[in-house]
Amino acid sequence: MLLKTVIKIACLFYGIPGNYAFATYKTLKLTVHEKTVLLLTIVLVCVTKLTGQQLTIGSYNIRYINPDDVAAGNGWEQRLPIISQLINFNDFDILGAQEVLRPQLNDLLAQLPAYDYTGVGRDDRKTEGEYAPVFYRKDKVTLLRSGHFWLSEQTAYPNKGWDAVLPRICTWAEFEVKKTGLTLWFFNLHMDHIGVEARRQSALLVLRKIEEMCGEAPVILTGDFNVDQTSESYLVFANSGTLVDSYETTAVRYAVRYAVNGTFNNFEPNRKDDSRIDHIFVSPTFRVERYRILTDMYWEPSVGQEAGPYSVRIPSDHYPVKVTLSYPN
């Protein structure tokens, strides 16, 4: 009776008629040992289904290659190995990055062999200008399709929208999780740092795109929004009902949140504030298990007028954000 009940429960998960499955099982000539192994296997499958899929998601503005950074001790060549190690160690399943120029993209891919990416340069739809690439673990998820649009009134080609001072792009992708078959949508953007109206309209545009493209499927949105949790354009997302801020959802008792600083540091190790301008929004169907702002630092020989033989460095002028999500079946 126990085995019959377990088989019927397992069938509920996969849409198989329970009585038919049990009748088929009875035709098998199994030893007691084989029946025990079958029972344990079915239980394991059921537990896996019940617990759902866990995903590790990140958002990281890596800082574009700026010659002025070299003189200050923050050149790309010295930051690259730290950023690559940070990504590899944290084992992001999917990572939305910002301010990535083509040489930086090539450097990262060379040091992240487990990852592939999707995205284009915002200036020419090919390789020029900053990318907002989506990196993903090839062994964890399958890229089903991808694309991009500009944060502008004209979304199909490079241009500046509203009062923005630079062209801004959003990269999107649809993934299938290999372990469970779950399909999800991922959007990654970098909003304008000057245009207030551009940020507000961009938020409304992204929400429309999500509603038009994704239906009821789960969605993750990462990016450098260039505004913190008090701004109007942030609230467009946070109050939409379509997405929720992963930081805020970790306020419930079962989640863990570790955020001892804001997300923008300006390469200043002693800077402290609570302003979060890099966000990860998710569909309410996701359960946010963990949220962390990764305030990693490293040490390099001092340059210029810096005191002491070594100085504390930060891999980028933004701290990355990391969340652990589960999606109940």
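How do the residues of the lining of the largest cavity divide into nonpolar, polar and charged? In this predicted model, the lining comprises 3 nonpolar, 1 polar and 4 charged residues. The residues concerned are Glu99, Arg122, Glu130, Tyr131, Ala132, Arg168, Ile169 and His190. The space inside the largest cavity amounts to about 40 Å³, and the count of cavities of 30 Å³ or more is 1.

Open pockets were examined next. The largest pocket has a volume of about 240 Å³. Its lining is made up of 14 residues, of which Tyr64, Glu99, Arg168, His190 and His193 are the closest to the centre of the pocket. By class, the lining of the largest pocket contains 3 nonpolar, 4 polar and 7 charged residues. Glu99, Arg168 and His190 thus appear in the lining of the largest cavity and also in that of the largest pocket.

The second largest pocket has a volume of about 150 Å³. Its lining consists of Asn90, Val256, Tyr258, Arg290, Tyr291, Arg292, Leu294, Lys322, Val323 and Thr324. Of these residues, 5 are nonpolar, 2 are polar and 3 are charged. At least two residues of this lining are supplied by each of E10, strand E12 (287-293) and E15.

These three strands also belong to an open sheet of 7 strands, arranged in the order E3-E4-E2-E1-E15-E12-E10 with mixed pairing. Strand E3 (115-118) and strand E10 (256-258) are the edge strands, each of which pairs on one side only. On average, neighbouring strands of the sheet are turned by 20 degrees against each other, direction ignored. Within the sheet, strand E2 (residues 94-98) and strand E4 (residues 134-137) run antiparallel and are joined by 3 bridges. Gly96 has Val134 in E4 as its bridge partner.

Two helices were found against this sheet. Helix H5 (residues 76-90) lies across strand E1 (53-61), E2, E3 and strand E15 (321-327), and runs at about 165 degrees to E1. Helix H6 (residues 102-111) packs on the sheet and touches E3 and E4, its direction making about 155 degrees with that of E3.

A further helix, H9 (residues 246-249), contains Glu248. The relative accessible area of Glu248 is 42%, so this residue is classed as partly exposed, a term that covers values between 20% and 50%. Beyond its neighbours within four places in sequence, Glu248 is in contact with Tyr234, Arg257 and Arg276. Glu248 and Val288 are 40 residues apart along the chain, and their C-alpha atoms are separated by 9.4 Å.

Notes
Residues are numbered from 1 along each chain as its sequence is written. This is a predicted model: local features need pLDDT of at least 70, side-chain atom pairs count only at pLDDT 80 or more; totals for chains, interfaces and linings use all residues. Side-chain values use heavy atoms; hydrogens and water are left out. On a 1 Å grid over the protein atoms alone, a cavity is a set of points where a 1.4 Å probe fits but cannot get out, and a pocket is an open set with protein on both sides within 12 Å along at least five of seven lines; lining residues have an atom within 4 Å of a point. Grid points are joined across faces, edges and corners, and a volume is the space filled by probe spheres set on the points. Ala, Val, Leu, Ile, Met, Phe, Trp, Tyr, Cys and Pro count as nonpolar, Asp, Glu, Lys and Arg as charged, and the others, Gly among them, as polar. Two strands pair if DSSP finds at least two bridges between them. Helices (H or I, at least four residues) and strands (E, at least two) are DSSP runs, numbered from the N terminus. Axes are lines fitted to C-alpha atoms, for helices over the stretch in contact, and angles run from 0 to 180 degrees between N-to-C directions. Contact means heavy atoms within 4.5 Å. Buried means under 20% relative accessible area, exposed over 50%, partly exposed in between (1.4 Å probe, protein chains only).
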